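Here is a short report on selected features of one protein model. Read it with the structure open.

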Amino acid sequence: MSDSSSTLKYVPTTCPYCGVGCGLNLVVNDGKLVGVEPYKRSPINEGKLCPKGMTCWEHVQSPDRLTKPKIKKNGKFVDATWTEAIDLIAKKFKETSDKFGPKALGFQTSCRTVNEDCYALQKWARVAFQTNNVDNCARICHGPSVAGLSLSFGSGAATNPFEDVLNSDLIVMWGSNAVEAHPLAGRRVMQAKKKGIKVIVVDPRLSATARIADEWIRFNPSTHIALANSMMYWIIKEGLQNTAFINERTKGFEDLKKTVEKYADCEEIHGVPLEKVKEFAREYAKAKNAVIIYCLGITELTTGTDNVRSMGNLALLTGNIGRPGVGVNPLRGQNNVQGACDMGAYPNVFSGYQAVAVPENRAKMEKAWGMKAGSLPDWYGVTLTEQINQCGDPIKAMYVLGLNPVVSYPDSNHVKRSFDKLDFLVIQDIFWTESCEYADVVLPGTCFAEKDGTFTSGERRVNRVRKAVDGPGESKYDWEIIGMIAKKMGLKGFDWKTAKDVWDDMRACTPGQFGVTYEKLEKPEAIHWPCPTIEHAGTPILHVGKFSAADGKGTMFGLEYRPPAEVADAEYPYTLMTGRVIFHYHTRTQTDRAKQLHYEVPESYIQINTIDAKKLGVKEGEKVKVTSRRGETITRARISDDVAPKVLYMAMHFAGGANNLTNTALDPLSKMPELKHCAVKVEKVA
């Protein structure tokens, strides 16, 4: 790594937290990171930052950063040289592959690290071991978006940029608490509201976002399909559908029409009064330009893919797609959720969503990567949560880059038991996390402030990440570490010298991003993919004129309501929902090292309705034990009518917290676990 300058400087880069992609300046003095200033030229956040963005520098030079490789010997971790660690990893993974085959290995990459790292990991897995057992943590947030939007529109990504809400007449926020989870996207919505654009929030909880809405529609948790179907029944019944758009640009209308006829009045399912459903349906259908913005309230369920397709159905039925001010837009929870998927860190596609099942795609990648013809597999690899289930049999060895599964995956106790079954586990991270205890080798990578690269935001905008300071101790760039292992194994095509080399490697075999060069990304506006040629200016709005599907058509689906995998009963009478708070990010590996953020929310809590609290004899701030069929946690009660009776809400950020309770049941299409819904019981702790 090069020496940092000894002068005061501002380094423009991209925030490492949510998927909005805010621009900021890292302030460096005498080679040390000393602060953050908003990047006023960014069109995304316009010189504003949220509490997480303002403090994102504080964890970078934390004294407890990983600085040396560590190897577990006789049950204890000892410092090791890079040569020792690389030799051991190359040896163990090759032995496992040779003995048990390509399905005995699992590879998982983070949505928090740069695109270049994600591309490098999936390339190594496929070139070295001919396996498709590669996944990223979009699986447990927006896997259903990739699947559902692809089925509806032909592309699994947001249709319109964030600022485009200012061109709308109606903004529907469904299962999204953007004010806390994506504050600068929430700011755009508030700008729209100030402009006179109506905002409707659809959420079981009176969230911070619901509080700023013109109208809040409370519905029963996890009943999205029933509510959407009822809306569409009344849109069709009253002749408010966009018939010309349906005839010219879609298919599947008759299937949809036949299905929604069963949902004229299903208040007993979703809990919204019939007249309110009719009013909502009319408002959405009659708006000149209506946009749907959604988040994990839609996706993190066993019906996640169908929930996303229901949002697609509404947009297609009313023609709200393919122009400014409309669309269906998921808000991505992590800074590079979109990019990790784009890079091919996914079990059924190469970079740019080129399906592994297509022989021409495999032949193309074999040629690009210098592999023997016919060597890449065509089978659908094992997804992230399924890899956990397969630990020990058939998966014997696993490589985890920048993830903390013990805290962030559902049913934490199950994750711990599964890790214990592995023969060999490598974790590559910037801090010692709860998951590192189960590893055989722990490698010190570098964070966003210590590397060059790119993040791709939730609006498909590829933003530059720029190195401001050196990493601590012997830490290395994450793509560099992967390249070292690959070269130790004698593989060619991993001789990258810079992050740009990795990016150009990806571009060369990814048509939709071929025109996205580092040179073009120097401007603060950056580039929205697809951008197929060097001359191309990028594509802010998708599906203009025709859809991305092979036949150019959008597809409507007749989707039946299905209840959650686990519902409240006599033994577990409460429904638990999970979500985020504005002051923390995922497992708090980074945010809890910012003093102010820790001060604001230092520990876990659970929201309980006032009626339920009275019955339980629980007062504000008292401790309660929450138990599900999978585990238990002790947390503090916050008494509030923000949640309905018999419904609870808990933030997902804390170790030994919500994910001790959550359900591992999977959406059959996207393999998303049901993190948003499980049955629990509550007891006061004496």
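## Around Trp57

Leaving aside neighbours within four places in sequence, Trp57 is in contact with Leu26, Leu33, Val34, Gly35 and Val36. The model is predicted. Trp57 sits in the loop between helix H1 (51-54) and strand S4 (70-73). One of its contacts, Leu26, lies 31 residues away along the chain, yet the two C-alpha atoms are separated by 7.4 Å. Is Trp57 buried, partly exposed or exposed? Its relative accessible area is 23%, so Trp57 counts as partly exposed. The cut-off for buried is under 20%.

## The parallel sheet

Five strands form an open sheet. Their order is S10-S9-S8-S12-S13, and the pairing is parallel. Strand S10 (215-217) and strand S13 (327-330) are the edges, each pairing on one side only. Neighbouring strands are turned against each other by 20° on average, direction ignored.

Inside this sheet, strand S8 (residues 170-174) pairs with strand S9 (residues 198-202) in the parallel sense. That pairing runs over 5 bridges. One bridge links Met173 to Val201 in S9.

A helix covers part of the sheet. Helix H4 (residues 143-153) lies across strand S12 (290-294) and S13. H4 runs at about 165° to S13.

## The antiparallel sheet

A second open sheet has 3 strands, in the order S19-S20-S21. Here the pairing is antiparallel. Its edge strands are S19 (453-456) and S21 (527-528), and each pairs on one side only. S19 and strand S20 (residues 461-465) are joined over 4 bridges in the antiparallel sense. Among the bridge partners, Thr456 is matched with Val462 in S20.

The two strand pairs described so far are set out below.

| Strand pair | Sense | Bridges | Bridge partners |
|---|---|---|---|
| S8 and S9 | parallel | 5 bridges | Met173 and Val201 |
| S19 and S20 | antiparallel | 4 bridges | Thr456 and Val462 |

The edge strand S21 contains His528. Where does the accessible area place His528, buried or exposed? His528 has a relative accessible area of 7%, so it is buried. Not counting residues up to four places away in sequence, His528 touches Pro161, Glu459, Arg460, Arg461, Gly538, Thr539 and Pro540. Of these, Arg461 falls within the range of S20, residues 461-465.

## Helix packing

Two packed helices are described by the angle between their axes and the distance between the axes. Take helix H2 (residues 82-100) and helix H20 (residues 478-488). Their axes come within 9 Å and cross at roughly 60°. H2 is therefore oblique to H20. The crossing is right-handed.

Which residues make the contact between H2 and H20? From H2 come Trp82, Ile86, Asp87, Ile89 and Ala90. From H20 come Ile481, Met484, Ile485 and Lys488. By class, the contact has 7 nonpolar and 2 charged residues, with no polar ones.

H20 also meets another helix. The buried residues of helix H21 (residues 499-508) are Ala499, Val502, Trp503, Asp505, Met506 and Arg507. These buried residues pack against H20, helix H3 (115-129), S19 and S20. H21 thus touches two strands of the antiparallel sheet.

Technical notes:
Residues are numbered from 1 along each chain as its sequence is written. This is a predicted model: local features need pLDDT of at least 70, side-chain atom pairs count only at pLDDT 80 or more; totals for chains, interfaces and linings use all residues. Side-chain values use heavy atoms; hydrogens and water are left out. Two strands pair if DSSP finds at least two bridges between them. Axes are lines fitted to C-alpha atoms, for helices over the stretch in contact, and angles run from 0 to 180 degrees between N-to-C directions. Angles under 35 degrees count as roughly parallel, over 145 as roughly antiparallel, 65 to 115 as roughly perpendicular and the rest as oblique. A crossing is left-handed if the near helix is turned anticlockwise from the far one by less than a right angle, and right-handed if clockwise. Contact means heavy atoms within 4.5 Å. Ala, Val, Leu, Ile, Met, Phe, Trp, Tyr, Cys and Pro count as nonpolar, Asp, Glu, Lys and Arg as charged, and the others, Gly among them, as polar. Buried means under 20% relative accessible area, exposed over 50%, partly exposed in between (1.4 Å probe, protein chains only).
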